Amino acid sequence: MKSLLNHIVYTILVMAPIVLHSCKDKDPDTDPCENYRRPIADFLVQDDLQQQCSNELGIAWSCDTIYKNIQYTFKSILDYDTYLWEVVGNPGFKSTTKSFPLYFPNVAKIQMRLIGKRKPNTTCDPNDDGIDTIIKALTIVESISPSIESPPQNLFLGKYIGYDVINPTIEVGMEIVYEKRPGYSNYYTFINYFPDSCRDNKFGLEISSTYNLIFLNYHNTQGGGTLGCQSPRGWCMFTPAGVDIQYATKDILTPGSIPIKRRFIGRRI
């Protein structure tokens with residue numbers, strides 16, 4: 001009997017730390033709704049260039065001003081069980097997929113409405129009906145210049161001053177103009193004094209652009225037009241306040257070297 005009693009006591013002493021440790025590790029009761037936020041409907045409006053920028057940089061770059069006669073993709077940011085897209089005031093238009101292509105043949109101002117339906121979370125929000133709605137105002141503008149002398153409608157023409165993130169205390173300038181230069185038969189968009197206040201006046205023939213975006217693609221061009229301008233490749237993203245340029249330059253003194261990643265943040269002046 002004494003041997004059995006000693007065995008029982010030994011077993012209790014061995015198991016006690018395990019039981020106490022298990023209880024200690026057990027998470028306390030938490031509020032399942034502590035971090036709950038009701039979903040907010042939103043959507044992107046992107047042309048091919050904006051989608052390419054978003055995919056390459058891992059961001060969502062969009063715009064509410066779009067060009068006529070150019071196809072755009074409308075895409076809900078959130079997943080829903082059902083989707084309903086409507087142009088307010090136009091009963092003839094409706095789409096029921098998460099994303100769809102669309103273009104507009106005329107200059108106009110419209111309102112696009114997205115209604116997304118999902119399973120309501122009444123546990124965290126008793127008033128949740130599972131329906132999220134957003135309406136965005138869109139402006140459709142001319143896709144090309146009305147005349148050869150007039151600049152196309154976009155957000156990027158103008159002058160900027162800012163800094164490279166690796167040298168935030170040194171300000172440099174740049175400007176974007178639309179003009180016809182000696183030796184050219186047509187008007188083009190040109191980028192002056194970029195990067196690092198470079199005075200190359202030949203940026204303009206190898207850029208792609210949309211209303212709020214310019215894509216520079218000079219990695220395969222000798223010196224970016226002239227030696228000393230670093231052959232930049234990257235994305236210039238514009239807002240009414242300024243520009244964010246995420247790009248890479250080449251070390252022109254070391255052919256074949258790995259491009260240097262850089263970023264310029266500028267404000268309009």
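In the predicted model, Tyr-160 stands opposite Arg-268 of strand 16. This pair belongs to the antiparallel ladder between strand 9, residues 158–164, and strand 16, residues 260–268, which are joined by 5 bridges. Within the ladder, Tyr-163 has Ile-265 of strand 16 as its bridge partner. Strand 9 also pairs with strand 10, residues 167–179, in the antiparallel sense and over 7 bridges. Strand 9 and strand 10 make up a hairpin, with 2 residues between them, and Asp-164 is placed opposite Asn-167 of strand 10.

These strands are part of an open sheet of 8 strands, arranged in the order 11-10-9-16-15-14-13-12 with antiparallel pairing. Strand 11 (188–192) and strand 12 (207–210) occupy the edges; each has a single partner strand, so one side of each is left without a neighbour in the sheet. On average, and with direction ignored, neighbouring strands of this sheet are turned by 20° against each other. Helix 2, which spans residues 48–57, packs on the sheet and touches strand 12, strand 13 (213–217), strand 14 (233–238) and strand 15 (242–249). The direction of helix 2 makes about 115° with that of strand 14.

A further open sheet consists of 3 strands in the order 1-3-6, again with antiparallel pairing. Its edge strands are strand 1 (43–46) and strand 6 (99–102), each of which pairs on one side only. Neighbouring strands in this sheet are turned by 15° against each other on average, direction ignored. Strand 3, residues 72–76, runs antiparallel to strand 6 and is joined to strand 6 by 4 bridges; Tyr-72 stands opposite Leu-102 of strand 6. Helix 2 lies across strand 1 and strand 3 of this sheet, at about 120° to strand 1. Helix 2 therefore has packing partners in the 8-stranded sheet as well as in the sheet of 3 strands.

The surroundings of Gln-50, a residue of helix 2, illustrate this arrangement. Gln-50 counts as buried because its relative accessibility is 1%, under the 20% limit. When neighbours within four places in sequence are left aside, Gln-50 is in contact with Val-45, Trp-61, Ser-62, Cys-63, Tyr-72, Thr-210, Asn-212 and Leu-213. Among these contacts, Cys-63 is itself buried, at 11% relative accessibility, and Tyr-72 is the residue placed opposite Leu-102 in strand 6.

The cysteines were examined for covalent links, and the count comes to 1 disulfide. The bond is formed by Cys-33 and Cys-124, whose sulfur atoms are 2.0 Å apart. The torsion about their S-S bond is about -80°, so the disulfide is left-handed. Cys-33 lies in the loop between helix 1 (2–25) and strand 1, whereas Cys-124 lies in the loop between strand 7 (108–117) and strand 8 (131–141); the pair therefore ties together parts that are 91 residues apart in sequence. Cys-124 counts as partly exposed, with 23% relative accessibility. By contrast, Cys-53 is buried, with a relative accessible area of 0%. The closest cysteine sulfur to that of Cys-53 belongs to Cys-236, at 9.5 Å, which is too far for a bond.

Note on methods: Residues numbered from 1 in each chain as written. Predicted model: local features only at pLDDT ≥ 70, side-chain atom pairs only at ≥ 80, totals over all residues. Heavy atoms only, no water. Pairing = 2+ DSSP bridges. Axes fitted to C-alpha atoms, helices over the stretch in contact; angles between N-to-C directions. Contact = heavy atoms within 4.5 Å. Disulfide = S-S within 2.5 Å. Buried < 20%, exposed > 50% of the residue type's maximum accessible area, 1.4 Å probe, protein only.
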